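The following exercises are to be worked with the sequence and the three-dimensional model in view. Each task is followed by a solution that goes step by step.

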Amino acid sequence: MRKSLFTFSLLLPASLLFGQAPITGKVNGEGAVSGPLPGANVLWAGTTIGAATDGDGRFSVPPPDQWPARLVVTYVGFRNDTLLLERVPDQPVVVTLSSSVELNTVEVVERVSGTQLSTRSTIAQEIIGEKELKRAACCDLSESFETNATVDVNYSDAISGTKTIRMLGLDGRYAQISLENLPFIRGLSSSYGLTLLPGTWIQDINLSKGLGTAVNGPNAMTGQIDLCLRDPLSEGPFFLNLYGNSQGRTEANIHSAQSTGKNSGNIILLHGNLFQQEMDQNKDGFLDQPLTKRFNVMDRWMRRTERGMTQIGVRYVTDDRQGGQTARSIANEVLSPTGRPYTVDIRNEMVDVFGKQGVVFKNDPTKSIGFLFAGRQHNAASRFGDRNYTGKQESLYGSLVYQMLLGKGTDQLKAGASFQFDDYSEAFRDSTFGRTERMPGVFAEYTLHRSNFILVAGVRGDHNSVYGNVVSPRIHMKYDLGPLTTVRLSAGQGFRTANPLIETGSVLASSRSVVVEGNLGMEKAWNFGASFLHKFKFLDRKWVFGVDVYRTEFTAQVVTDLDRSPQTVAFYMLDGPSFANSVLSDVQVELTRQLHLRLSYRFYDTRTTFDGKLRERPFTPSHRGLIDLAWGDRKERWRTDVTLNLFGQGRVPNTMPNPEEFRMTSRSPAYTTLHAQITRVLGAWEVYLGAENLTSTLQQQQIIAPEDPFGPYFDA
């Protein structure tokens, strides 16, 4: 039941901001066990909508589809109780259950799947919970998707240690990565942001496929990755996590939560990362990973009452990386013909401020209003050999959302306004450039709920001070073929402003000359999707089967062309078709009560017009498979997880114009990686031991011309 409590507590702020006021109350017991009952089940009769009580016996459940409604309360060892509610209660509901049997001990064991495929959400959604995140206990956001087939994580180059994601066959910049529905990884953080958020800070990840809703912003072309942080009101007073690996990487995480009142709390999150051991497994004279020092701190305060929620947070992060040629290469004078060592220095310093205020109307709980804001200052600097880059981003975001229920309470209207301000100042080599964008916008979204059918239709209208007006319609439909069988359809348009140099920062780790042709504009794309999800019982086992099909089609795109010449990277606006087709099938089965199996297969067909020729997008394997086994004993004292990833071939940019010794193959080979972890739970402590890449998969040639890093053919 602990899982349900954590998940609910994090979803509650969203319901206060964007939904009808929840029904709150408390469950007490009398008889052999008197007082509050933590872990009691509270749900609406005839539905699966409900929640579990917290440690104080308190609960908060979403309102029913219509009134009157019956609220059913159950708890092991107590007689069930049912309350008939004619309307929204004016006060919190208090339920007292009578004991039915004498119990010595009641032990509630978590049996929730680590990754839940939701049948309730209108958008195709996966919820990656704490249980799943612990299966890859190391260490930051980029490493939280190792057991997930929807999101791919890759290294951007062989020098900087930067990790990027891919979703629906396209780079992560086309997915909206948010922090509890606030813009988060964007702009200068596009390259390094995934490694700058510690995994222990994350409680859940809500992974939505395809277009996002009009309320949450315009940038979700291929999906939304919404990060839910640790809740100060449900966390314990102290948490410690220590990590180390055989390559010399060490990390420490400390969480400290304190009560600041009856309904408020504060949490301080600290993170430190240190990696100072040189590693060159393929003996090319370059560090496989840069030496790293990172410090991260966040202070988050929250207050939650029956009429609303208030929170504010502040975060500071500093990140230093040093890479390039190894000390041994430099000492042995294995240098370029110029006699200079090739060094890499990367520094990021970022300050974030964010907050929310949600209010439910006192005289009409079917109406609410919410305000969200976020501010950021990010300074980035990098040096790759003799290539210097500096950038500064100052951003401010605000959004006001009003919502109300209509009809008999089944329909809903959301409307509001948003404002995004961005100021970028960048310098690369001898060139300086930048821009200031102001983008006010308005949006409206209507939800129609009829029996087994839900329709969400929305539209945004935004005015960008640099690129002009943009209108983006969105529509989502869900039909329940049965209680656990759903079909979803979606269509609409998304848009974003590109930052091509920082978003493809891997080109800095090369001798390629940067060419910008014409004026680069805003990127726009249509996304069409369909999904089928079926949960059933077969051979006395619980099964989940899902299929997703999506197509993203660009009408405007900033093309990054690495095929024109191995010595050039060209940026220009799309002139021709560009699309990405994605098919994902997923099967989950509970082989036994302790053993779970997940099988996933994904197919991509991604193509873009490069210099008038439609080509397969580089570095995108067409096929990927995942086999995942998770075992835990009955008392959840031991957990074992094994994940096998299979990757197909992908196209490599053309290097044929180079001399023969500086060419790469036209396609990358297929390969597999195997990860495993075992965890022992010792009361409040958990000790885990794991191994990554047990197949010892290694790319032997990672860099073209490593012996001459300042020469014309060098490319990492």
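**Exercise 1. An open sheet**

The strands β31, β35 and β34 form, in that order, an open sheet of 3 strands with mixed pairing. The model is predicted: local features need pLDDT of at least 70, side-chain atom pairs count only at pLDDT 80 or more, and totals for chains, interfaces and linings use all residues. Residues are numbered from 1 along each chain as its sequence is written, and side-chain values use heavy atoms, with hydrogens and water left out.

Task: state which strands are the edge strands, and describe how β34 is joined to β35.

Solution.
- Step 1. Strands are DSSP runs (E, at least two residues; helices are H or I, at least four), numbered from the N terminus, and two strands pair if DSSP finds at least two bridges between them.
- Step 2. The edges are β31 (513-516) and β34 (558-565), each of which pairs on one side only.
- Step 3. Between neighbouring strands of this sheet the average turn is 25°, direction ignored; axes are lines fitted to C-alpha atoms, for helices over the stretch in contact, and angles run from 0 to 180 degrees between N-to-C directions.
- Step 4. β34 and β35 (residues 568-573) run antiparallel and are joined by 5 bridges. In this pairing, V558 stands opposite M573 of β35.

**Exercise 2. Alternation along a strand**

Task: determine which side chains of β3 are buried, and identify the residues opposite V42 and W44.

Solution.
- Step 1. Buried means under 20% relative accessible area, exposed over 50%, and partly exposed in between (1.4 Å probe, protein chains only).
- Step 2. In β3 (residues 41-44), V42 and W44 point to one face and are buried, whereas N41 and L43 point to the other and are not.
- Step 3. β3 pairs with β4 (residues 50-52) in the antiparallel sense over 3 bridges, and A51 in β4 stands opposite V42.
- Step 4. β3 also runs antiparallel to β6 (residues 69-74), with 4 bridges; the bridge partner of W44 there is L71.

**Exercise 3. Salt bridges**

Task: compare the settings of the pairs E180 and R300, R460 and D462, and D364 and K367.

Solution.
- Step 1. Side chains of opposite charge can pair when their charged atoms come close. A salt bridge is a side-chain nitrogen of Lys or Arg within 4 Å of a carboxyl oxygen of Asp or Glu, and the structure holds 43 of them.
- Step 2. E180 and R300 meet at 2.6 Å, N to O. Because E180 lies in the loop between β14 (175-179) and β15 (182-185) and R300 in β21 (residues 291-305), the pair ties together parts that are 120 residues apart in sequence. E180 is buried at 8%, as is R300 at 1%.
- Step 3. In the salt bridge of D364 with K367, the closest N and O atoms are 3.8 Å apart. D364 is partly exposed, with a relative accessible area of 25%, and K367 is partly exposed at 24%.
- Step 4. For R460 and D462 the closest N and O atoms are 2.9 Å apart; R460 is buried at 3% relative accessibility, and D462 is buried at 3%.
- Step 5. A network of salt bridges that share partners joins D171, R173, R496, E503, E523 and R617.
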